[in-house]
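Reader: Please show me the model, and then take my questions on its sheet and its ligand site.

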Amino acid sequence: MSAQLIDGNALSKQLRAEVSARAAALRARGTTPGLAVILVGDNPASQVYVRNKVKACHDSGLHSVLEQYPATMSEAELLARIEALNADAAIHGILVQLPLPAHIDAHKVIETISPAKDVDGFHVASAGALVVGQPGFKPCTPYGCMKMLESIGCDPKGKHAVVIGRSNIVGKPMALMLLAASATVTVCHSATPDLGAMTRQADIVVAAVGKRNVLTAEMVKPGAVVIDVGMNRDDAGKLCGDVDFAGVSKVAGWITPVPGGVGPMTITMLLVNTIEAAERAAT
Ligand code: NAP
């Protein structure tokens with residue numbers, strides 16, 4: 001069997017066109033959706049991420065403000081900036097790029113963002129809303145994975161989904177979203193004794209680990225849907241995922257590539273959340 005590709009770039013293009021149309025409708029009613037992106041320090045990877053997010057906003061007709069501060073910024077100064085953005089009616093979403101310098105408590109920073117503007121979906125209020133099934137902002141990466149499943153007509157209801165990884169930003173919210181969609185969900189992590197025994201039962205596998213070749217062909221049920229969230233470098237320095245793509249794509253029914261899979265969807269869902277925040281504020 002040769003798996004079909006789930007093309008994150010193509011799906012992103014379609015979803016971003018919908019974002020542009022919603023942004024235009026909001027502008028016509030006098031509201032320009034606005035995202036504030038805060039970067040503290042000069043982490044080169046973070047600089048690339050924030051530039052991509054700001055560019056994606058502009059391309060879709062959203063207003064965005066990039067605030068860059070030196071690594072010496074104090075926690076109190078950063079919290080004061082967030083409070084000011086919470087009160088700024090032109091800003092509907094606030095994103096603080098992680099990681100933050102060690103002297104700043106990231107949890108405290110995220111909890112200072114107003115839940116109404118928490119477009120990353122990392123605030124405890126957003127996480128709690130996801131647990132109890134109330135409206136809130138969903139973390140962008142797992143939200144994008146759900147959209148990918150939807151795009152191929154894969155309804156998780158009644159399926160067995162295995163999520164590898166239990167981080168607060170990917171694995172846990174991914175498991176909760178699949179559960180909300182009525183999948184039977186197994187969450188695996190570094191203490192799972194026999195990962196293959198779990199993944200071989202899965203109709204849907206989501207790998208969110210950060211290690212190459214965590215999922216290989218013999219660990220996958222024929223025809224399964226495989227979503228690869230991982231972002232790693234291979235020996236040649238090329239971007240690759242957690243999944244042995246060459247092997248698994250011979251067994252799976254559907255698979256996401258890296259690059260061009262989950263990555264573009266993450267930024268797209270940030271735009272979707274920002275539009276949603278602006279629409280809520282405008283009503
Ligand atoms: P993380 O916080 O480091 O979590 C990794 C998870 O993998 C942990 O729960 C860990 O288990 C588990 N794990 C580690 N080794 C394992 C193994 N051998 N078998 C099974 N589970 C194992 O990472 P993250 O922030 O969730 O990110 C995961 C990956 O996704 C990274 O490569 C990251 O770069 C990528 N990512 C991509 C996007 C995107 O837009 N494409 C967005 C976010 C993240 P323990 O909890 O037991 O330690």
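The questions below concern a predicted model.

Reader: Which strands are at the edges of the open sheet?

Author: Six strands make up the open sheet, and their pairing is parallel. Their order is β1-β11-β8-β7-β5-β6. An edge strand pairs on one side only, and this holds for β1 (4-5) and β6 (184-188).

Reader: Which residue in β11 is the bridge partner of Val-225?

Author: Strand β8 covers residues 225-228, and strand β11 covers residues 254-255. The two run parallel and are joined by two bridges. Within β11, the partner of Val-225 is Trp-254.

Reader: How much of the ligand's accessible area does the protein cover?

Author: Among the polar contacts, a side-chain N or O atom of Arg-166 is 2.7 Å from a ligand oxygen. A polar side-chain atom of Thr-266 also lies 2.7 Å from an oxygen atom of the ligand, and Met-231 places a backbone N or O atom 2.9 Å from a ligand oxygen. On its own the ligand has 930 Å² of accessible area, and the share covered by the protein is 70%.

Reader: Which helix gives the largest share of the shell around the ligand?

Author: The shell divides into eight nonpolar, 10 polar and two charged residues. Of the 20 residues around the ligand, those that come nearest are Arg-166, Ser-167, Ser-190, Lys-211 and Thr-266. The largest share of the shell is three residues, and they come from the helix spanning residues 262-282, α10.

Note on methods
Residues numbered from 1 in each chain as written. Predicted model: local features only at pLDDT ≥ 70, side-chain atom pairs only at ≥ 80, totals over all residues. Heavy atoms only, no water. Pairing = 2+ DSSP bridges. Helix = DSSP H or I, 4+ residues; strand = E, 2+ residues; numbered from the N terminus. Near = heavy atom within 4 Å. Polar contact = N/O pair within 3.5 Å; in protein donor to acceptor, adjacent residues only side chain to side chain. Areas by Shrake-Rupley, 256 points an atom, 1.4 Å probe, with all protein chains shown as cover. Nonpolar A, V, L, I, M, F, W, Y, C, P; charged D, E, K, R; others polar.
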